[in-house]
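This report concerns the arrangement of secondary-structure elements in one protein model. It is intended to be read alongside the sequence and the coordinates.

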Amino acid sequence: MTLDTLIGDLQTDRLFMRDVATWQRLPPRPLRPGSLPAQINNRLAGWLDDQSWLPLYLHQAEAVDAVLAGENVVMVTGTASGKSLGYIVPTLQWAHEDPEVCALFIFPTKALAQDQLVGLRSAVSDLGIKLPVAVYDGDTPGEARAGVRRAGGVIITNPDMLHLGILPHHSNWERFFRRLRVVVLDELHSYRGVFGGHVANVLRRLRRICRFYGSDPVFIGSSATISNPGELAERLIEAPVRVIDQDGSPRGEKHIVLVNPPIIDPALNIRRSYVLQTVDVARRFVHADVQTIVFARSRNLTELILGYLRDAVISDGGKPDSIEGYRGGYLSEERRAIEAGLRDGRIKAVVTTNALELGIDIGQMGAAVLAGYPGTIASTWQQFGRAGRRSDLSIGILVASPMSLDQYLVRHPDYVLEQPPEQALVNPDNLAVLADQLRCAAYELPFRPGDAYGLLPDAAPFLDILVEQGHLRFNGRTYRWVSDVYPAAGLSLRTHLQQAVLIEDHSQAGPRSIGDVDRERASLLVYPGAVYMHQGRQYLIEDLDWEAGRAIARPYETDTYTLAQSSNEIEVLEVHDRSAESELHKSLGWVQVTQEALGYRVLRRYTNEFVTDGEINLPAQVFETSGYWISFSPALVEELEAAGVLLRPNDYGPNWSDQRTAARSRDGYRCTRCGAPEAAHQHDVHHMRPFREFEYRRGENEAYREANHLSNLRTLCRRCHRIVESSLGRRSALSGLGYALENLAPLYVMAASSDLGVLADPQSRYTNGPMITLYDRAPGGLGLAERLYERHRELLTGVRDMIAGCDCESGCPACVGPVDEELSSAKHLTLHLVQAMLGEQPPTG
């Protein structure tokens, strides 16, 4: 069946169309040509013509012309628009003029580097140019590295290898750096957040070394469509950049479909599993022999969908090995084999994280199916763009999850389909990043007093600290590295934690590596008892050596999966800015975050039925970052408490102190869940049936007596209390607002949900009242809290619209989160709260 026929079938399928929220057809777009710059030599022009690449697209011609004139440029055009010619053509032209020229091509992933290698070597061979082209990354054999360094030419690498294996050893690359003419930064939009801050500093170090050797290369960037490409590029390279954003490439007809799974429980507004709906959609394309890419938002979800889709293909009589997974954590040889299988058509469908969102050549995909909103408008279009090359027909389908943000978008599809994409934020002067990178820069070249580095007009105070630590020596004129420590070796560019956790299969004679995971996610993915999935196969994590960074796994056949729970605590350290809007206060500043994995649930696949739970005993992670918090005036708190929107804190009746002491004494001053004795602080006492259910009113009744009866009380340590409260999942107006903010806030900044944290605290130690904090989940901050602080009212208005527009009665995962029967008014209370915060008239009734 052709794709055109299948699209027609879908449009006439009443069951499928019932779930379609939006179907938009994007018409074909004709090619807009540009002129080949006059200085391009005849041989290169002839080769371009032989490859059917003439005329150049408008953006390609403009980029080539600007680069040859010595300008730094960033190309911002769609997926598969031929941006690579914008830097390949100038490089080949310079190689024709100067056989000794050198170029540095930087890609964010190894896969992209390998992809570029084949095409560039082919071009050099066709043209008869003596220009060495080699990949230099972690997979380059040790015995080959010296030869690559000596040969020079075009070095294709990634930021990690530049940071770890090239810049610290620049003296071995002297000829290369002296002849360096051009630096390419592909997929520029991926350099944001923690990773972007580190990459910006790696580029600072690169430019510092280039100046030392007397070179001043041109920088060429390429990026998916974002709102601030020029600002991002200039933050990264700290030099003026010309933006080229007039896309001249042709585009075939494309269909964009937003699908919302049907409601299966109207009372609770529960929809059919979007995972199973995604599998059903992908199954239709695979059955019709349309090569398909399925995007999932996490590693776990990727493996879950992979398993389901393979099961479906087998039941249809297909071959399970025609369906593959692809994500970070796979070994390099596994990824190369999958990429080749996609190009030659052996693999009919691939289920992936955003690892294949970038421009790796994976053949002629006809369909892209997105399991949930990817988190940004830019990523959504990038993933849709992986289907359809040049003038081919293609389709992109987004299957909405039940989460707030997804449901908001299917009700407001113009936000994705019509709105400009977000801004990419990067903070190269994050002090935590800056301090680590300064150590690396000092290792590479000496500093003199008065030398600037980043935002530091004089790096000497920081360098003096390194002198005290014994890493540097100052002789009155220069700071020189004298320590045996190799600072780049212990510094990861992609996370604030410095070592990944290696996952080893110990079921065979010797341990076998099956992947890795960064420390930030290790406590939630590879704790003892976790079911870890890799290429559709399940492993049980038997042990985790946190210090050594090693998780021990063995193959495990089960119909279950695990889901970790965690908790956070916030302490305000500094206030940088604050303002008040009537009875509401917003503040921006520096906070300390303590985050801890508490426990996990074991759930059935397909049904999500609860099986059992377990504890996670791993060290808490503590870091300082930027935060934005919202607090309430005493008058507003009193008004909301009187209306029943906020709970009055700790009013458990006149006998609470005595009953609390009696419960702790009865339980031997030990936690009844884990057995821990009281130490510096008293344990908590927990109401097994929630106190609120007894409807105690001071001065009106004595319901507190039954609520505080010893049979309803249980002593718990603080950690176990958080686990129990988390497992109950009870929703208040404040926690409902926190849930809505956490899900909607990423829409206002170009960030993954994992980049932002939200804590709704009913009794903050800082304000002695309710407080909601939004914070950057990285030491030193990412600039997200600052941007949200600026968009405070816009954010609250979006939350109000999302809650008010939800079809549920009482609250659901699409607005304020799941609610239990005891608080059927959670949605209305949360809406009342956010309207009061906006100074609006609260709802009646």
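The following paragraphs treat the sheets, the helices packed on them, a helix pair, two covered elements, one tyrosine and the cysteines.

The structure is a predicted model.

**The parallel sheet**

One open sheet consists of seven strands in the order S4-S5-S3-S6-S7-S2-S8, with parallel pairing. Strand S4 (133–135) and strand S8 (242–244) are its edges; each has a single partner strand, so one side of each is left without a neighbour in the sheet. On average, and with direction ignored, neighbouring strands of this sheet are turned by 15 degrees against each other. Within the sheet, strand S6 (residues 180–185) is joined to strand S7 (residues 218–223) by four bridges in the parallel sense. Val-182 has Val-218 in S7 as its bridge partner. Helix H4 (residues 58–68) packs on this sheet and touches strand S2 (73–76), S7 and S8. The direction of H4 makes about 160 degrees with that of S8.

**The mixed sheet**

A further open sheet, also of seven strands, has the order S1-S9-S16-S15-S12-S14-S13, and its pairing is mixed. Its edge strands are strand S1 (20–26) and strand S13 (323–326), each of which pairs on one side only. The twist from one strand to the next averages 15 degrees. At the S1 edge, S1 pairs with strand S9 (residues 254–259) in the antiparallel sense over six bridges. Arg-25 has His-255 in S9 as its bridge partner. Helix H13 (residues 299–315) packs on the sheet, where H13 touches strand S12 (292–295), S13, strand S14 (349–352) and strand S15 (367–371). Between the directions of H13 and S13 the angle is about 175 degrees.

What does Tyr-308 touch, not counting residues up to four places away in sequence? Tyr-308 lies in helix H13, and its contacts on that basis are Val-275, Leu-276, Val-279, Arg-605 and Tyr-606. Its relative accessibility is 5%, and Tyr-308 therefore counts as buried. Glu-809 is 501 residues from Tyr-308 along the chain, and the C-alpha atoms of the two are separated by 32 Å.

Helix H15 (residues 377–384) is mostly covered, with seven of its eight residues buried. These buried residues are Ile-377, Ala-378, Ser-379, Thr-380, Gln-382, Gln-383 and Phe-384. They pack against S9, S12, S15, strand S16 (394–399) and helix H17 (414–417).

**Strand S19 and its partners**

Strand S19 (residues 501–505) is likewise mostly covered, since four of its five residues are buried. S19 runs antiparallel to strand S20 (residues 512–517), to which five bridges join it. S19 runs parallel to strand S23 (residues 550–555), and four bridges join these two. Ile-503 has Gly-515 in S20 as its bridge partner, while Leu-502 is bridged to Arg-550 in S23. In general, strands of a sheet pair through backbone hydrogen bonds, either parallel or antiparallel.

The strand pairs described above are collected here.

| Strand pair | Sense | Bridges |
|---|---|---|
| S1 and S9 | antiparallel | six |
| S6 and S7 | parallel | four |
| S19 and S20 | antiparallel | five |
| S19 and S23 | parallel | four |

**The H3–H5 contact**

The axes of helix H3 (residues 42–50) and helix H5 (residues 85–97) come within 10 Å and cross at roughly 145 degrees. This crossing of H3 and H5 is right-handed. From H3, the residues Leu-44, Trp-47 and Leu-48 meet Leu-85, Val-89, Leu-92 and Gln-93 of H5. By class, the residues of the contact comprise six nonpolar, one polar and no charged.

**Cysteines**

How many disulfides does the model contain when the sulfur atoms of a pair must lie within 2.5 Å? The count is zero. Why does Cys-210 form no such bond? The closest cysteine sulfur, in Cys-102, is 11 Å from the sulfur of Cys-210, which is too far for a bond. Cys-210 counts as buried because its relative accessibility is 1%, with the cut-off for that class being under 20%. Cys-717, with a relative accessible area of 9%, is buried as well.

Note on methods:
Residues are numbered from 1 along each chain as its sequence is written. This is a predicted model: local features need pLDDT of at least 70, side-chain atom pairs count only at pLDDT 80 or more; totals for chains, interfaces and linings use all residues. Side-chain values use heavy atoms; hydrogens and water are left out. Axes are lines fitted to C-alpha atoms, for helices over the stretch in contact, and angles run from 0 to 180 degrees between N-to-C directions. A crossing is left-handed if the near helix is turned anticlockwise from the far one by less than a right angle, and right-handed if clockwise. Contact means heavy atoms within 4.5 Å. Ala, Val, Leu, Ile, Met, Phe, Trp, Tyr, Cys and Pro count as nonpolar, Asp, Glu, Lys and Arg as charged, and the others, Gly among them, as polar. Two strands pair if DSSP finds at least two bridges between them. A disulfide is a pair of cysteine sulfur atoms within 2.5 Å. Buried means under 20% relative accessible area, exposed over 50%, partly exposed in between (1.4 Å probe, protein chains only).
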